[in-house]
Amino acid sequence: MLLSNYHSHCTFCDGRSAPEDFVKFAVSKGFRAYGFSSHSPLPFETFWNMPVDDMPEYIAEINRLKEKYKDRLEIYTGLEIDYLDGTYNPSIPYFQELPLDYRIGSVHFLPIANPLSEANMACIDGAFSNYKEAVDHHYSGDLRRLVKHFYDSTMQMVESGGIDIVGHIDKVYMNGENYRESLVAEKWYRDMFTACLDLIAEKGVMVEINTKILTSKNKTFPHLNYLPLLLERNIPVMVNSDCHTPDLVNDGRPEALTLLKQLGFRSTRELIAGKWNEIAL
Ligand SMILES: [Zn+2]
Ligand SMILES: [Zn+2]
């Protein structure tokens, strides 16, 4: 089993340790490849996104680590880029022109008004109280409308391109299940999710199996119940821990890899010498 992780956050965004601390941990666990994916700059400042002025230093620091550890670990420079709307997303020239090894596209924010500012965003990934307030005040108390907005944004992100991996494809269910427990089992929800997967399969984009809350809450993104739908569509996957501290670099990975095998997945996508390869599980 080749150990790798392509989704991680360090002190350049909301991660809790310097990049080199993650590298040291990965080396100590025998990892083959490690990728950083700081939260992309946005048109407004947030607590967890990287300021645009820090981008050159981010790239330089990962390059320094690539060189320093080249005999022990393949290190990659990625970015977790927010899809906000048609004007600010992974496909815009700013992100496409950065010297990155890969791009993860994620939806954390749903714009509910203009212009693009933090006050005009419904955040689906924060505290449940904020999520509930967004549903109640901006989607007329209709959870389905917020979920539709989320999957519409995800599909527009896939359609506009410029990404290698869809990040935590169904994060909307995490708070959504607290709003309505039956959410993931409802037919309309399944229909929205499968429409999104069909588009992803058509475009040939990868989907990560995100284990950020597997150990703590026994949940993955995509939802455990929906993993077979990826297999049916031959969607390429890899396992990512989305860690914010070095001790969680490998969190949930052994369990997720075992589960994928049990479900019938035969391989994961891995970066080898800078190219994505299909590697047997
Ligand atoms: Zn994310
Ligand atoms: Zn992340």
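**Reasoning about a predicted model with two zinc ions**

Modeller: Gly 264 comes directly after helix α10 and has a positive phi, near 110°. This model is predicted.

Biologist: Which residues of α10 are buried?

Modeller: In helix α10, spanning residues 253-263, Arg 253, Ala 256, Leu 257 and Leu 260 are buried.

Biologist: What makes these buried residues line one face of the helix?

Modeller: Viewed down the axis of α10, the buried residues fall within an arc of 100°, and they therefore line one face. In general, an α-helix has 3.6 residues a turn, so residues three or four places apart point the same way.

Biologist: What covers the buried residues of α10?

Modeller: The covering elements include β1, β8, α8 (214-217), β9 and β10 (267-272).

Biologist: Why is strand β8 described as largely enclosed by the rest of the structure?

Modeller: The term buried requires a relative accessible area under 20%. In β8, residues 206-210, 5 of the 5 residues are buried, so the strand is largely enclosed.

Biologist: Which residues of β8 lie on each side?

Modeller: Met 206, Glu 208 and Asn 210 are on one side, with Val 207 and Ile 209 on the other, and all are buried, so that both faces are covered. As a general rule, the side chains of a regular strand alternate between the two faces of the sheet.

Biologist: How do you know that β8 pairs with β7 and with β9?

Modeller: Pairing requires at least two bridges between the strands. Strand β7 (residues 165-166) is parallel to β8 and shares 2 bridges with it; Ile 165 has Met 206 as its bridge partner. Strand β9 (residues 237-240) is also joined to β8 in parallel, by 4 bridges, and Asn 210 is partnered by Asn 240.

Biologist: What makes His 7, His 9, Glu 80 and Asp 242 donors of the zinc ion (ligand 2)?

Modeller: A donor atom must lie within 2.8 Å of this metal. The atoms of these residues, NE2 of His 7 and His 9, OE of Glu 80 and OD of Asp 242, lie 2.0 to 2.4 Å from the ion, and they accordingly meet the cut-off.

Biologist: Why is the arrangement around the zinc ion (ligand 2) called irregular?

Modeller: A tetrahedral site needs all angles between 85 and 135 degrees, and a square planar one needs opposite donors over 155 degrees apart with all others between 65 and 115. The 4 donor atoms subtend angles of 79 to 167°, which makes the arrangement irregular. The pair His 7 and Glu 80 links distant parts of the chain, 73 residues apart: His 7 is in the loop between β1 (4-5) and α1 (19-28), and Glu 80 is in strand β3 (residues 74-82).

Biologist: Why do His 7 and Glu 80 count as buried?

Modeller: The limit is under 20%. His 7 has a relative accessible area of 0% and is therefore buried; Glu 80, at 0%, also counts as buried.

Biologist: Which residues coordinate the zinc ion (ligand 1)?

Modeller: Glu 80 (OE), His 108 (NE2) and His 168 (NE2) coordinate it at 2.1 to 2.2 Å. Because Glu 80 lies in strand β3 and His 168 in the loop between β7 and α6 (172-179), this pair ties together parts 88 residues apart in sequence.

Biologist: What makes Glu 80 a bridge between the zinc ions?

Modeller: Glu 80 coordinates both ions, which are 3.3 Å apart.

Methods: Residues numbered from 1 in each chain as written. Chains lettered and ligands numbered in written order. Predicted model: local features only at pLDDT ≥ 70, side-chain atom pairs only at ≥ 80, totals over all residues. Heavy atoms only, no water. Buried < 20%, exposed > 50% of the residue type's maximum accessible area, 1.4 Å probe, protein only. Donors = N, O, S within 2.8 Å, 3.2 Å for Na, K, Ca; no water. Tetrahedral: all angles 85-135°; square planar, octahedral: opposite > 155°, others 65-115°. Arc of directions from axis to C-beta. Contact = heavy atoms within 4.5 Å.
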